[in-house]
Amino acid sequence: MKKLLAVMVVLVMVFSGCSPKKTGGQEKGTDGHLGGKDKLSIMFVTNGVFGNLRIDDYVLDSIKEFCEETGSTVNTYECGDDTSKYEPALMEACATGSYDLIVTGHNALKEPVEAAAAQYPDQHFIIFDTEMDFSKEGLGNVANFQLAENEVSFLVGALGALMTQSDAQYANEAKTIGFVGGGENTAVVNFLFGFIDGAHYVDPEVEVLYSFIGDWSDTAKASELANFQFQQGSDFVYAVAASAGFGCCESAMNNQRYAVGCDYDFQANLEASNQPSADWVLTSAVKAFNKLLVGEMYKMMEGTCEWGTYQKLGAASGYLEVLETDNFKEMVPEDVYAKYCEIKEKLEAGEIEVSTAYGATQEEWHAKYATAGGKAG
């Protein structure tokens, strides 16, 4: 079974239209000496805390399932957004010599991983949701993965534009949709770029309202911003704000409009705690690093995981998902779904180019904002 899954992952990567691996000056190689290992010892270092519906929670859940299936073990370290802990946490994990693999993610951990990987060349690392600079020496023991959040957001924007112009139950007459971000950083703005592009691909006249909370757990502020957007005519709000996004779901319920979650299945999570706002979550956009990284762990056990490499995967990879939940199936009209599927197929075929905030200047960010509709709140 493990070998079958590993083969399936390889096939997905071959046919996914992935961008080329970037190896820079590194000596790309595999971990052949680990081949035949029937279990792994894993350390997962998060720059925040677990349990607030970030990507890290999805990844940890799947690693735990992997451990149950293989007899592997996982320990965790929470840095709690304390930047002073990032590098020491990695160094301490390396110094134990106890872990086959250290997993971590996001831009904030790039430099700490560089330092730890260079000092401990025999320690393997996987870092996700960021791009390492493989022109630097000392990263031959690192595998790096990024998923194009602007592309999954493109699909959400297209869906929003289609929904707002449809006869869906909670759509209004205004061609307006909204976006609430946890913070104005490059990753969140990249989500916003894709969201704007998707909406305007369907109809350039669709207005996109956007707001930034400045926090990832303040549900009250998220609800306030979503309320303002609904009052301004939006009937569809996309929350890229970790657990703060639940405030947008509550606002959607109170205003009888649609909410879309991010990074986690918001409908399922709200249903698990018997929250009525679950009924107003149209869908959630997910970067499935959980599936990607578990596949890499099986490959690591086979001795075929490649190190010293960076891979950025787009919509064609199958790791970017707009979840077709029960709500999605019930709420999205048939004609909207048909048009949405056509757009999705074109995106996956590489026929649509989506703009990105990565590498863009602040002036270019604001130029993009100017095409949207306006900042709300």
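## A buried residue with a positive phi

His106 is buried in this predicted model, because its relative accessible area is 12%, which lies under the cut-off of 20%. The residue is found in the loop that runs between strand S4 (101–105) and helix H4 (110–119). Although His106 is not a glycine, its phi is positive, at about 85 degrees.

A second residue with a positive phi can be set beside it. Asn274, which is also a residue other than glycine, has a phi near 55 degrees, and its place is in the loop between H9 and S11. Here the surroundings are of another kind, for Asn274 is exposed, with a relative accessible area of 68%.

## The chain as a whole

The protein chain has 13 helices and 15 strands. Its radius of gyration is 21 Å, close to the 21 Å that the globule rule gives for 377 residues, so the chain is as compact as a globular protein of that length. Along the principal axes, the C-alpha trace spans about 60 × 45 × 40 Å.

Of the 377 residues, 57% count as buried, while the chain as a whole exposes about 15300 Å², of which carbon and sulfur atoms supply 47%. When contacts with a separation of 6 or more are considered, 73% of them are accounted for by residues that stand 24 or more positions apart along the chain.

## A sheet of seven strands

Seven strands form an open sheet, and reading across it gives the order S14-S11-S10-S9-S7-S8-S15, with mixed pairing. The edges are strand S14 (320–322) and strand S15 (373–375), each of which pairs on one side only. If direction is ignored, neighbouring strands of this sheet are turned by 15 degrees against each other on average.

## Strand S10 and its neighbours

Within this sheet, strand S10 (residues 258–262) deserves a closer look. What covers does S10 have on its two faces, and are its residues buried or exposed? Both faces are covered, since Tyr258, Val260 and Cys262 on one side and Ala259 and Gly261 on the other are all buried. The strand is therefore mostly covered, with five of its five residues under the 20% cut-off for a buried residue. The division into two sides can be read with a general point in mind: in a regular strand the side chains alternate between the two faces of the sheet.

On one flank, three bridges join strand S9 (residues 236–240) to S10, and the two strands run parallel. Phe236 has Tyr258 as its bridge partner in S10, and Tyr238 stands opposite Val260. On the other flank, four bridges join S10 to strand S11 (residues 281–287), again in a parallel arrangement, and here the bridge partner of Gly261 is Ser284.

## Helices that link the strands

Which helices belong to the β-α-β units that include S10? S9, helix H8 (residues 246–255) and S10 make a right-handed β-α-β unit, and S10, helix H9 (residues 266–272) and S11 make another unit that is right-handed.

Helix H8 can also be placed against the sheet, for it lies across strand S7 (176–181), S9, S10 and S11, and runs at about 165 degrees to S10.

Definitions and conventions
Residues numbered from 1 in each chain as written. Predicted model: local features only at pLDDT ≥ 70, side-chain atom pairs only at ≥ 80, totals over all residues. Heavy atoms only, no water. Buried < 20%, exposed > 50% of the residue type's maximum accessible area, 1.4 Å probe, protein only. Pairing = 2+ DSSP bridges. Right-handed = clockwise from strand over helix to strand, strands pointing away. Rg over C-alpha atoms; globule rule 2.2 N^0.38 Å. Contact = heavy atoms within 4.5 Å. Areas by Shrake-Rupley, 256 points an atom, 1.4 Å probe, with all protein chains shown as cover. Axes fitted to C-alpha atoms, helices over the stretch in contact; angles between N-to-C directions.
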